[in-house]
Amino acid sequence: MIENNVEQFTSLIPQKADLEAVFSAAEPFQRLMSYYRCAIMEVETKFRVLDVQLALEGENNPIETIKTRLKKPESILAKLQRRNLPLSLESIEQNLFDIAGVRVICSFPEDIYKLADSFIRQDDVTLIERKDYIQTPKPNGYRSLHLIVETPIFLQQEKRMMKVEVQLRTIAMDFWASLEHKLRYKKELDSHVDYEHISQKLRACADMSALLDNQMEAIRNQITGL
Ligand code: 0O2
């Protein structure tokens with residue numbers, strides 16, 4: 001039994017050769033991460049510009065907040081290992097599309113689609129993948145619109161295409177997802193809780209948050225005459 005556990009544990013540790021490859025690539029790795037940081041800035045600016053323009057057209061600012069994040073090196077390594085992918089920079093670029101993440105929190109569901117359409121229409125944005133978890137929520141109740149896009153960053157000597165994951169959500173969707181994420185983390189610590197029951201409750205909360213979004217949007221449309 002103990003031997004089994006040791007085997008399971010050691011299988012999670014990267015092989016020495018893999019680690020050497022990762023460490024020897026430290027400088028190129030940092031460089032790649034800084035390119036992703038630049039791509040985040042480009043995409044964030046595009047959304048900020050759209051927000052200003054929509055406000056100029058007489059609508060309230062559709063964006064509440066924008067959060068950005070660069071995936072941590074340990075999460076990158078873990079994801080490559082989980083998927084049995086090569087531990088190399090090429091592999092990161094070719095296989096992982098969520099190294100650069102931009103989360104756009106909107107006031108109302110309709111704003112999400114308006115912003116997403118305007119963003120995707122821009123001629124330096126190429127849509128790679130679109131997952132609409134608002135139209136079709138995940139079984140646990142998770143809702144958001146996910147876009148994987150490719151967009152250029154302009155360096156001193158070259159133009160480089162970078163992939164960025166954009167998640168668009170309302171405040172209510174973000175509220176639910178943030179708490180669910182925290183509770184999921186706690187699940188790894190506690191063993192005495194009835195998680196089936198908790199899942200049902202979380203699903204019910206997700207349904208309530210969807211209802212709230214729809215009702216708030218209906219009120220907005222009544223007020224603005226849309
Ligand atoms: P983090 O730290 O937010 O980046 P993949 O990400 O490609 O391995 P999948 O399922 O194809 O897997 O990706 P998907 O469905 O586009 O979802 C990826 C991200 O969406 C997650 O990233 C979360 O940010 C968010 N997400 C998806 N499902 C849920 C959910 O049920 N609850 C919450 N709270 N967030 C969710 P990461 O990598 O998990 O984390």
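## What lines the largest pocket

Let's start with the walls. The residues lining the largest pocket split into 10 nonpolar, 9 polar and 18 charged. Keep in mind that this is a predicted model, so everything here is read off computed coordinates, as is usual for a prediction.

How much space lies in the largest pocket? About 1,200 Å³. Its lining counts 37 residues, and Arg69, Lys71, Asp98, Glu165 and Gln167 are the ones closest to the pocket's centre.

## Where the lining comes from

Quite a few elements pitch in. At least two lining residues each come from strand S1 (63–70), helix H4 (73–82), strand S2 (100–106), strand S3 (126–132), strand S4 (145–154), S5 and H7. Which of them gives the largest share of the lining? That's H7, with 6 residues.

## The ligand in its place

Now for the guest: the space the ligand takes up is the largest pocket. Around the ligand sit 18 residues, with Arg69, Lys131, Tyr133, Asn140 and Glu180 the closest. Arg69 also turned up above, among the residues closest to the centre of the pocket.

The shell around the ligand has its own mix: 3 nonpolar, 4 polar and 11 charged residues. Strand S5 (159–170) and helix H7 (171–187) each give this shell at least two residues. H7 provides the largest share here, 4 residues, and H7 likewise has the largest share of the pocket lining.

## Polar atoms facing the ligand

Which side chain has an N or O atom 2.7 Å from an oxygen atom of the ligand? It's Asn140, a residue already listed among the closest to the ligand. Gln167 places a side-chain N or O atom 3.1 Å from a ligand oxygen. Lys79 does something similar, with a polar side-chain atom 3.1 Å from an oxygen atom of the ligand.

How much of the ligand's accessible area does the protein cover? On its own, the ligand has 750 Å² of it, and the protein covers 69%.

Conventions
Residues numbered from 1 in each chain as written. Predicted model: local features only at pLDDT ≥ 70, side-chain atom pairs only at ≥ 80, totals over all residues. Heavy atoms only, no water. Near = heavy atom within 4 Å. Polar contact = N/O pair within 3.5 Å; in protein donor to acceptor, adjacent residues only side chain to side chain. Areas by Shrake-Rupley, 256 points an atom, 1.4 Å probe, with all protein chains shown as cover. 1 Å grid on protein atoms, 1.4 Å probe; cavity = no way out; pocket = protein on both sides within 12 Å on 5 of 7 lines; lining within 4 Å. Sits in = over half its atoms within 2 Å of the grid points. Nonpolar A, V, L, I, M, F, W, Y, C, P; charged D, E, K, R; others polar. Points joined across faces, edges and corners; volume = space filled by probe spheres on them.
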